[in-house]
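Trainee: Could you take me through one part of this protein model in detail? I would like to look closely at a single helix and what surrounds it.

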Amino acid sequence: MVKLIRSYDFTSSEFFDYIEDSLTKEIKKARNNNKPIKIKAGTIYTLTGKDDTSTKVTINEFRRNELYSATFESMGEKLTVNYYTRDTPKECTITLDETVHSYDPSQHNKLANFFYDFMYHRSAQEELNKLAKSIAEFKNK
């Protein structure tokens, strides 16, 4: 499990505006229609990647300005991502929790687990920074 806490120069509302916009576009594309989308817990859709791999996405929780949680399943991998947001007077603090359900540390030695944790943490940090950049661009449209 990886847990990151970072603060950014946008609000929880702007974070969720971006998430709702992105999810609406993803779901409409996945369902191949333009029907109205209500983003809520229990919503399930399947994304198809550039290499034709499928990823099943399940929205676990969606509480605007508080929590967005989703589980992604693809090619035997299962990952749950939770974004908790909290506004402070000057910024938004995001706590990202990621859990890889398909990795069992007891099946690997300490060095392999250390390397896996390092790479996984780095990847999560890069994804959170990329998300923050996209939100900043989105709010300046």
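**Around the first helix**

Mentor: Happy to, and a good place to begin is a residue from elsewhere in the chain: Lys139 is partly exposed, with a relative accessible area of 33%. Keep in mind that this is a predicted model. Glu14 is likewise partly exposed, at 24% relative accessible area. The side chains of these two residues, Lys139 and Glu14, meet in a salt bridge, with 3.8 Å from N to O. That pair joins distant parts of the chain, since Lys139 sits in helix α2 and Glu14 in helix α1, 125 residues apart. So α1, your helix, is where we will stay.

Further along is Glu20, which forms a salt bridge with Arg64, and here the closest N and O atoms are 3.2 Å apart. This pair also links distant parts of the chain: Glu20 belongs to helix α1, while Arg64 lies in the loop between β3 and β4, 44 residues away. Glu20 is partly exposed, with a relative accessible area of 26%, and Arg64 is partly exposed too, at 31%. Within the helix itself, Lys25 forms a salt bridge with Asp21, the closest N and O atoms being 3.0 Å apart. Both residues lie in α1, four residues apart, or about one turn of the helix. Asp21, at 25% relative accessibility, counts as partly exposed. Salt bridges with shared partners also join Asp17, Glu20 and Arg64 into one network. A search of the whole structure finds seven salt bridges. As a general point, side chains of opposite charge can pair when their charged atoms come close.

Now for the nonpolar residues. The largest nonpolar core has 28 residues, and those with the most contacts inside it are Phe15, Leu23, Tyr68 and Tyr83. Several elements each supply at least two residues of this core, among them β1 (2-8), α1 (12-31), β5 (77-87) and α2 (110-139). The element that gives the most is α1, with six residues. Phe15 is worth a click in your viewer: leaving aside residues up to four places away in sequence, Phe15 touches Phe10, Tyr83, Thr85, Ile94, Leu131 and Ile135. In soluble globular proteins, nonpolar side chains tend to be buried together.

Next, the open space. About 1000 Å³ lies in the largest pocket. Its lining is made of 32 residues, and Glu26, Phe72, Val81, Tyr83 and Glu127 lie nearest the centre. The elements giving two or more residues to that lining are α1, β2 (44-48), β3, β4, β5, β6 and α2. Here α2 gives the most, with seven residues. By class, the lining has 17 nonpolar, eight polar and seven charged residues.

The second largest pocket has a volume of about 150 Å³. Glu26, Lys29, Ala30, Thr46, Leu47, Thr48, Gly49 and Lys50 line it, and α1 and β2 are the elements that give two or more residues to this lining. By class, the lining of this second pocket has two nonpolar, three polar and three charged residues.

To draw the picture together, follow α1 in your viewer: Glu14 pairs with Lys139, Glu20 pairs with Arg64, six residues of α1 belong to the largest nonpolar core, and Glu26 is among the residues nearest the centre of the largest pocket as well as part of the lining of the second largest.

Note on methods:
Residues are numbered from 1 along each chain as its sequence is written. This is a predicted model: local features need pLDDT of at least 70, side-chain atom pairs count only at pLDDT 80 or more; totals for chains, interfaces and linings use all residues. Side-chain values use heavy atoms; hydrogens and water are left out. A nonpolar core is a set of buried Ala, Val, Leu, Ile, Met, Phe, Trp, Tyr and Cys residues joined through side-chain atoms within 4.5 Å. Buried means under 20% relative accessible area, exposed over 50%, partly exposed in between (1.4 Å probe, protein chains only). Contact means heavy atoms within 4.5 Å. On a 1 Å grid over the protein atoms alone, a cavity is a set of points where a 1.4 Å probe fits but cannot get out, and a pocket is an open set with protein on both sides within 12 Å along at least five of seven lines; lining residues have an atom within 4 Å of a point. Grid points are joined across faces, edges and corners, and a volume is the space filled by probe spheres set on the points. Ala, Val, Leu, Ile, Met, Phe, Trp, Tyr, Cys and Pro count as nonpolar, Asp, Glu, Lys and Arg as charged, and the others, Gly among them, as polar. A salt bridge is a side-chain nitrogen of Lys or Arg within 4 Å of a carboxyl oxygen of Asp or Glu.
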